[in-house]
Amino acid sequence: MSAHRDRIELRGLRVRGNHGVFDFEKREGQDFVIDVTLHTSVTRAAATDDIADTVHYGELAEDVAHIVEDNTFDLIETLASRIAEHCLDLAEHVEVVVHKPGAPIQRSFNDVSVTVVRSRDSTVIAETETEAYLNLGANLGDAADTLDQAVAALDRHPRITVLRRSSLYRTAPWGGVEQGDFLNLGLIVSTSLPAPELLAVAQGIEVACGRTRELRWGPRTLDIDLIRFGVNHEELVFDTEALTLPHPRAHERAFVLAPWVELDEGAEILTPTGPRPITAVLTELGDQEITRIQAP
Ligand SMILES: Nc1ncnc2c1ncn2[C@@H]1O[C@H](COP(=O)(O)OP(=O)(O)OP(=O)(O)O)[C@@H](O)[C@H]1O
Ligand SMILES: Nc1nc2c(c(=O)[nH]1)N=C(CO)CN2
């Protein structure tokens, strides 16, 4: 089941088609009524208010209507599954119901329908390589050494490759808790792991490095945040209790953006007012103290 709780639903799309086991059904045609449910996050579209970032329901209706009109199948099972396959290009998890209210049933009946439920094969998604941006921070113990160890541990993972590592930055603590300065760095990695598994690996490394988590935004032996997963239109927008992507507070943090600018000057970040160049957002965070202290 998809992690998304958002849905786009199209109900009662009535289209004439020529499907059926009997010749007269193929010849004369009848009405088919289609319901489509797309499980897909609308977070990005809600932030950008841009139709390009969501599924256009008018286009969805046209595409589904054409599948009904342009084919002839014996079974509504086949029709429903063809529509579901098309919809999987638009959403990770889909439900399609094909109703046949005029079906040749020699009894009084209200409706006959077939429901097809399909999800993208997560193993297929997992095999593709995705670029992700991570931010690492530490302010307890030998922070520089811990960060080195964490980068090495990430790179040792068989399904993670560190592509680029930023300089090390000394950064004033963000978040209002009185504590020592942090050391932070950014990484661009390539991974064949799905995002929740990449986070799980990162959290395993945090634990292995002796992480304690007493206070929100408090002192840390090691913190690894997943900031962005995928690039441009392939960027993953995800919102579960365990993982929110892009990281919802990244645009407020110079310690996240400065190392990122160093690695990818042209990157954009999704903010509550829409996508913005990270260089512009970083400029507005000029009051946050950060110093580049060591080249990669
Ligand atoms: N993009 C993300 N990267 C890392 N952790 C995340 C992300 N989204 C949600 N989480 C969840 O946030 C929880 C708390 O993470 P963590 O202790 O690193 O928070 P924090 O560093 O105190 O604050 P912040 O989340 O503001 O960086 C984790 O258990 C993790 O499951
Ligand atoms: N400068 C800086 N401030 C922080 C950081 C961090 O990595 N760098 N991490 C926090 C909690 O994870 C809280 N505050």
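**Note on the two ligand sites**

1. In this predicted model, an oxygen atom of ligand 2 lies 2.8 Å from an N or O atom in the side chain of Asn 184. The protein covers 97% of the 340 Å² of accessible area that ligand 2 has on its own, a figure worth keeping in mind while going through the residues around this ligand.

2. Two further polar contacts of ligand 2 can be followed in the structure. A nitrogen atom of the ligand is 2.8 Å from a polar atom of Trp 174, and here the partner belongs to the backbone, whereas Arg 220 brings a polar side-chain atom to 3.3 Å from an oxygen atom of ligand 2.

3. Which residues surround ligand 2? Besides Trp 174, Asn 184 and Arg 220, the surroundings consist of Gly 137, Thr 171, Ala 172, Pro 173, Phe 182, Trp 217, Asp 223 and Phe 255. Sorted by class, this shell holds 6 nonpolar, 3 polar and 2 charged residues.

4. Turning to ligand 1, there are 15 residues around it, of which Trp 217, Leu 226, Ala 242, Arg 249 and Arg 253 come nearest. A reader who has just gone through the first site will recognise Trp 217, since this residue is listed around ligand 2 and is also among those that come nearest to ligand 1.

5. The polar contacts of ligand 1 involve both side chains and backbone. An oxygen atom of ligand 1 is 3.1 Å from an N or O atom in the side chain of Asp 225, and a polar side-chain atom of Gln 203 lies 3.4 Å from an oxygen atom of this ligand. On the backbone side, a polar atom of Thr 244 is 2.8 Å from a nitrogen atom of ligand 1. Of the 610 Å² of accessible area that ligand 1 has on its own, the protein covers 83%.

6. Which elements each supply at least two residues of the shell around ligand 1? They are α7, spanning 195-208, and β9, spanning 223-229, with the largest share, 3 residues, coming from β9. By class, the shell around ligand 1 is made up of 5 nonpolar, 3 polar and 7 charged residues.

7. A last point concerns where the two ligands are placed. Ligand 2 sits in the second largest pocket, and ligand 1 likewise sits in the second largest pocket, so that the two descriptions above are best read side by side.

Conventions. Residues are numbered from 1 along each chain as its sequence is written. Chains are lettered from A and ligands numbered from 1 in the order in which they are written. This is a predicted model: local features need pLDDT of at least 70, side-chain atom pairs count only at pLDDT 80 or more; totals for chains, interfaces and linings use all residues. Side-chain values use heavy atoms; hydrogens and water are left out. A residue is near a molecule or strand if one of its heavy atoms lies within 4 Å of it. A polar contact is a pair of N or O atoms within 3.5 Å; within protein, one must be able to donate a hydrogen and the other to accept it, and residues adjacent in sequence count only if both atoms are side-chain atoms. Accessible areas come from the Shrake-Rupley method with a 1.4 Å probe; for residues, only the protein chains shown count as cover. On a 1 Å grid over the protein atoms alone, a cavity is a set of points where a 1.4 Å probe fits but cannot get out, and a pocket is an open set with protein on both sides within 12 Å along at least five of seven lines; lining residues have an atom within 4 Å of a point. A molecule sits in a cavity or pocket if more than half of its atoms lie within 2 Å of its grid points. Ala, Val, Leu, Ile, Met, Phe, Trp, Tyr, Cys and Pro count as nonpolar, Asp, Glu, Lys and Arg as charged, and the others, Gly among them, as polar. Helices (H or I, at least four residues) and strands (E, at least two) are DSSP runs, numbered from the N terminus.
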